[in-house]
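Here are a few notes from my pass through the model, in no special order of merit. Have a look at it yourself before reading on.

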Amino acid sequence: MTWIFENLGRVFLAFVATTGRLFLFLLQALNQGLRPPYYGRQILRQIWEIGYLSLPVVGLTALFTGMVLALQSYTGFSRFNAENAIANVVVLSMTRELGPVLAGLMVAGRIGAAMAAEIGTMRVTEQIDALTTLSTNPQKYLIMPRLFAGITMLPFLVVVADIIGIFGGYCVSVYRLGFNASLYLEQTLNFVEIQDVTSGLIKAAVFGFIISLMGCYHGFTSKGGAQGVGKATTHAVVSASILILVANYILTSLLFEQGVS
Amino acid sequence: MTPKFSLKNLHKTFGTHSVLRGINLEIFPGESLVIIGGSGTGKSVLFKCLLGLMQADSGVLEMDGKNILKENAQENEDRLKDIGVVFQGSALFDSLTVWENVAFRLLYAERRGRQESKKIALQKLAAVGLKKNVADLYPSEISGGMARRVALARAIASQPQVLFFDEPTSGLDPIFSSTINQLIKKSVKELGVTALTITHDMTSARVIGDRIAVLYEGKIIWCGPAKDINKSDNPYVQQFIQGRPD
Ligand SMILES: Nc1ncnc2c1ncn2[C@@H]1O[C@H](COP(=O)(O)OP(=O)(O)O)[C@@H](O)[C@H]1O
Ligand SMILES: [Mg+2]
């Protein structure tokens with residue numbers, strides 16, 4: 001019997017220790033990174049990687065999700081003659097939930113992994129030590145640009161995802177299910193409220209922060225050659241994905257209580 | 001004469017694994033000292049302690065007579081301005097071109113213009129025997145031997161007073177190793193710097209070093225002029241020179 005408690009205790013202690021290390025890492029990164037110098041080139045490169053190069057993945061995900069949403073709500077709603085609510089369902093689900101969460105998860109896979117692999121490789125090949133000896137603070141040079149780009153680019157990607165998802169739902173409704181095009185658009189625009197969009201964007205910024213933080217932390221603390229880097233990459237993606245889902249619930253309930261939702 | 005570096009009874013332990021067990025060593029200005037020892041004896045750990053990339057646990061560690069064991073980040077940054085480092089695997093930045101690597105400190109720490117920095121980088125590349133056409137390549141596009149030269153060019157780019165080399169010849173073929181050895185020797189003499197080299201390669205140690213220190217089981221067991229090492233009667237030093245197995 002005792003082994004259960006022993007293992008539970010061990011897991012709990014490991015959890016507390018990791019949380020503590022993560023918090024210290026973040027404090028150090030902010031303490032160093034918020035002060036100049038800022039590395040414009042690095043920031044632009046991350047904005048390009050996260051914002052621009054994620055567009056195809058996020059766009060495709062949003063397009064098909066919007067299309068499926070329209071089909072499924074048609075199937076469901078036609079049973080009680082509420083087909084007209086399709087536009088509402090699509091726009092609400094996309095802006096408030098699916099846009100941010102799906103974009104977050106896709107980018108976690110793409111960018112979280114890339115960050116952990118790149119920074120982890122730099123760690124095990126002593127490139128991070130080399131940065132320090134060349135009078136360049138690794139927190140400023142590596143971590144801050146990624147955190148900044150993550151926080152700012154995810155909301156941008158979500159705006160794009162929202163628009164493409166709604167467009168996907170529109171295409172299916174109009175060309176497949178035979179809805180009236182202008183009526184569908186009118187319904188969408190009348191129904192959606194600014195809070196629906198902003199709550200999604202707030203979530204996106206938080207998810208972007210989570211993705212960058214996990215990628216940087218696991219990369220920065222990786223050790224033990226190629227195998228260590230592989231582990232760091234896996235940990236970055238898994239922990240970012242889980243944290244995104246947890247944060248999504250917490251944020252939804254917070255925004256809900258504030259009456260924003 | 002004040003030593004450039006002075007180490008007294010320096011200790012470093014990882015968990016229960018005691019790596020440095022009381023290092024005593026002095027490195028004097030203008031000399032080239034080589035620390036030699038087998039793999040896993042803690043050479044890189046000692047190297048990192050001297051650079052402040054790792055904190056030694058106890059003992060005295062001084063540079064120019066100033067204690068650097070408990071320096072803060074700012075003091076470390078200021079001190080490292082005068083030190084050029086070549087790491088074990090070259091440690092070039094993959095996302096930057098060769099010339100940007102060489103000019104890294106000029107570009108990112110000193111914030112000089114790209115044109116001016118490139119000009120200096122090309123001079124340094126020439127100084128280590130590399131042609132202009134490698135300047136715009138990426139580190140993944142050049143050989144290991146060339147990468148080592150680029151790393152040396154990066155280390156000397158901002159005219160440091162001290163040069164550090166961690167296993168400068170590891171992973172290179174014998175011919176290239178001797179080229180790099182000669183290059184290090186030449187750079188050290190021309191620049192008049194203090195040099196510290198860490199290696200497990202006896203040939204390299206004899207070429208580069210004015211003095212040699214032998215690291216074994218966490219301590220310096222022999223230290224003296226390079227030409228005298230054959231006269232040492234320490235059995236481990238003898239074994240190391242002759243390359244006998246245990
Ligand atoms: N960060 C670290 N954490 C734990 N052990 C370490 C660390 N760095 C080095 N060691 C241990 O210290 C010993 C010496 O390593 P190192 O200095 O890299 O050897 P070498 O002389 O080949 O350069 C090794 O046994 C290694 O396992
Ligand atoms: Mg080593």
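Which residues coordinate the magnesium ion (ligand 2)?

1. In this predicted model, the donors are OG of B:Ser44 and OE1 of B:Gln88, at 2.1 to 2.8 Å. B:Ser44 sits in helix H1 (residues 43-51) of chain B, and B:Gln88 in the loop between strand S6 (83-86) and helix H3 (98-102) of that chain, so the pair ties together parts 44 residues apart in sequence.

2. On exposure at the metal site: B:Ser44 is partly exposed, with a relative accessible area of 23%. B:Gln88 is also partly exposed, at 30% relative accessibility.

3. Don't go looking for disulfides: searching the whole structure gives 0 over all chains. For B:Cys49, the nearest cysteine sulfur belongs to B:Cys223 and is 18 Å away, while a disulfide needs the sulfur atoms within 2.5 Å. B:Cys223 is likewise in no disulfide, with the sulfur of B:Cys49 as its nearest.

4. How do those two cysteines sit, buried or exposed? B:Cys49 is buried, with a relative accessible area of 4%, whereas B:Cys223 is partly exposed at 35%.

5. The largest nonpolar core has 139 residues, and B:Phe164 and B:Ile212 have the most contacts inside it. Helix H6 (residues 138-176) of chain A gives this core its largest share, 14 residues.

6. Back to B:Ile212: leaving aside neighbours within four places in sequence, its contacts include B:Leu33, B:Val34, B:Ile36, B:Met202 and B:Trp222. B:Cys223 from point 3 is among them too, as is B:Arg206.

Key
Residues numbered from 1 in each chain as written. Chains lettered and ligands numbered in written order. Predicted model: local features only at pLDDT ≥ 70, side-chain atom pairs only at ≥ 80, totals over all residues. Heavy atoms only, no water. Donors = N, O, S within 2.8 Å, 3.2 Å for Na, K, Ca; no water. Helix = DSSP H or I, 4+ residues; strand = E, 2+ residues; numbered from the N terminus. Buried < 20%, exposed > 50% of the residue type's maximum accessible area, 1.4 Å probe, protein only. Core = buried A, V, L, I, M, F, W, Y, C linked by side-chain atoms within 4.5 Å. Contact = heavy atoms within 4.5 Å.
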